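Q: Could you take a close look at the ligand site in this model for me? I would like to know what surrounds the ligand and how that connects to the strands behind it.

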Amino acid sequence: MKTLKIPEATIIRLSVYSRHLTDVDRKGIITTSSGDIADGVGVSPAQVRKDLAYFGEFGTRGVGYNVKDLRQHILRILGLSADWNVTLVGAGNLGLALCSYKGFRERGFIITSIFDSDPSKVGTMIGNVKVLPIEQLEEVAQQSQTQIGIIAVPAAGAQEIADKLIKAGVQAILNFAPVVLNVPPQIELRNVDLAVNLEVLTFNVGAQRF
Ligand code: NAI
């Protein structure tokens, strides 16, 4: 069967649509339209229809979309109809901030284990999760069937942590450390660098001067 290549920008917009639909659903609204969604997230109605069309027919002509059904469809497409266990490595400033972000849990990403190499952090609680010694990473991540690992350690230790996460069976890594990681092709790797986003902003602001 020929598989359709879905643009990454579409996947990102689906995530935005689902968050918007969650808000709309909370307000008790039953039906919506591509125009309403477009207004809510700041894209064109044609873009909403095009993005959804990748995944088949949704909604009824003239009636629109049932909010709950469309939200469920999108969550299923994004693989979010079940919770994902997440392991966080690095209980520093960034690690703490990520742990206290309620949006992860609301969207089905549950930080089930946290590891650090600093003995003064091991044994402390972050929310209801105890920080464990890094030596236990492979064993615990394997047991808890963690699918996603977040790396929030300094660059120097990040590759070693990536290797351990992969050995423990993690399928996807979100890397915050400013370093290029080598991972096998079957591992989904995303690097997050807020500085790059700031640089895009400064470039765009600067470009207006030329
Ligand atoms: P931090 O120094 O506050 O925390 C790092 C934590 O990692 C500490 O608790 C430390 O004990 C632990 N650690 C160090 N080596 C380890 C190892 N081998 N195994 C397990 N734990 C280890 O640093 P912060 O500010 O939280 O930053 C963490 C990382 O995230 C850094 O690489 C930093 O550059 C990056 N960062 C990236 C951002 C981005 O936009 N991508 C934004 C902020 C930080």
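A: Happy to help; here is a walk around the ligand, followed by a strand that leads away from it.

A quick note on the ground rules: this is a predicted model, where local features need pLDDT of at least 70, side-chain atom pairs count only at pLDDT 80 or more, and totals for chains, interfaces and linings use all residues. Residues are numbered from 1 along each chain as its sequence is written, and side-chain values use heavy atoms, with hydrogens and water left out.

Let's start with the shell. The ligand is surrounded by 22 residues, where a residue is near if one of its heavy atoms lies within 4 Å. The closest are Asp116, Lys121, Val153, Val192 and Leu194. By type, the shell divides into 14 nonpolar, 4 polar and 4 charged residues (Ala, Val, Leu, Ile, Met, Phe, Trp, Tyr, Cys and Pro count as nonpolar, Asp, Glu, Lys and Arg as charged, and the others, Gly among them, as polar). Helix 5 (93–99) and helix 8 (155–167) each contribute at least two shell residues; helices here are DSSP runs of H or I with at least four residues, strands are E runs of at least two, and both are numbered from the N terminus.

Now the polar atoms. A polar side-chain atom of Asp116 sits 2.6 Å from a ligand oxygen, and a backbone N or O atom of Asn93 is 2.9 Å from an oxygen atom of the ligand. On the nitrogen side, a polar backbone atom of Phe176 lies 3.2 Å from a nitrogen atom of the ligand. Taken alone, the ligand exposes 850 Å², and the protein buries 72% of that (Shrake-Rupley areas with a 1.4 Å probe).

Asp116 also takes us to the strands. Strand 4 covers residues 109–116, and in strand 6 the bridge partner of Asp116 is Pro133. Strand 4 and strand 6 (residues 129–133) pair in the parallel sense over 3 bridges, where pairing requires at least two DSSP bridges between two strands. Strand 4 also pairs with strand 3 (residues 84–89), again in the parallel sense, over 6 bridges. Within strands 3 and 4, Thr87 stands opposite Ser113.

How covered is strand 4? Of its 8 residues, 6 are buried, meaning under 20% relative accessible area with a 1.4 Å probe and protein chains only.

Key: A polar contact is a pair of N or O atoms within 3.5 Å; within protein, one must be able to donate a hydrogen and the other to accept it, and residues adjacent in sequence count only if both atoms are side-chain atoms. Buried means under 20% relative accessible area, exposed over 50%, partly exposed in between (1.4 Å probe, protein chains only).
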